[in-house]
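Let's walk through this structure together, one piece at a time. Keep the picture open beside you as you read.

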Amino acid sequence: MSRNRRRRFSEINVVPYIDVMLVLLIIFMITSPLLTQSVEVELPVVKEANNVIPTQTKFVIVTIDAEGQLFLDEDKNVLTMEELLSRVTALMRFAPYSQVLVRGDSQ
């Protein structure tokens with residue numbers, strides 16, 4: 001008495017949902033630029049533009065650790081505030097377009 005029963009599969013067919021998502025994506029990609037509104041501005045015309053920032057910029061890195069000790073660049077010697085100020089001033093005189101970056105400990 002063996003009965004040949006067929007089991008029903010309870011799987012969801014995802015292909016129609018992917019098609020609908022792709023169509024919606026295309027619709028939003030087409031309509032979103034049309035929805036942006038901005039103020040029209042006439043920008044001034046410059047005859048000759050020079051670079052404001054030189055292409056070769058040097059970075060001076062000041063590091064402050066968790067105890068408040070000051071370090072300059074990759075030097076591991078602890079500096080006082082006066083020493084740090086004089087050394088950064090000397091570096092800025094040598095390369096006036098340098099940028100000073102401050103790294104601080106998170107604690």
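Strand β1, residues 59–64, pairs with β3 in the parallel sense, and six bridges link the two. You can pick out some of the partners in this predicted model. Ile61 has Leu101 of β3 as its bridge partner, and Ile64 stands opposite Gly104 in β3.

Now turn to β2. Strands β1 and β2 run antiparallel and are joined by three bridges. Here Val62 stands opposite Leu72 of β2. These two strands form a hairpin with five residues between them, where Gly68 takes a positive phi near 90°.

Put these pairings together and you have an open sheet of three strands, in the order β2-β1-β3, with mixed pairing. Why is one side of β2 and of β3 left without a neighbour in the sheet? Both β2 (70–72) and β3 (99–104) stand at the edges and have a single partner strand each, so nothing in the sheet flanks their other side. From one strand to the next, the twist averages 20°.

The sheet also has a helix lying across it. Helix α2, residues 81–94, lies across β1, β2 and β3, and runs at about 20° to β2.

Finally, look at the surface. A nonpolar patch there is formed by Ile12, Val14, Tyr17, Ile18, Leu22, Leu25 and Met29, which together have about 750 Å² of accessible area. One of these residues, Ile12, lies in the segment before α1 (15–35). Is Ile12 buried or exposed? Its relative accessibility is 66%, and the cut-off for exposed is over 50%, so Ile12 counts as exposed.

Note on methods. Residues are numbered from 1 along each chain as its sequence is written. This is a predicted model: local features need pLDDT of at least 70, side-chain atom pairs count only at pLDDT 80 or more; totals for chains, interfaces and linings use all residues. Side-chain values use heavy atoms; hydrogens and water are left out. Two strands pair if DSSP finds at least two bridges between them. Helices (H or I, at least four residues) and strands (E, at least two) are DSSP runs, numbered from the N terminus. Axes are lines fitted to C-alpha atoms, for helices over the stretch in contact, and angles run from 0 to 180 degrees between N-to-C directions. Contact means heavy atoms within 4.5 Å. Patches are made of residues with over 30% relative accessible area and no salt bridge: like charges are joined within 9 Å, nonpolar side chains (Val, Leu, Ile, Met, Phe, Trp, Tyr) within 5 Å. Accessible areas come from the Shrake-Rupley method with a 1.4 Å probe; for residues, only the protein chains shown count as cover. A salt bridge is a side-chain nitrogen of Lys or Arg within 4 Å of a carboxyl oxygen of Asp or Glu. Buried means under 20% relative accessible area, exposed over 50%, partly exposed in between (1.4 Å probe, protein chains only).
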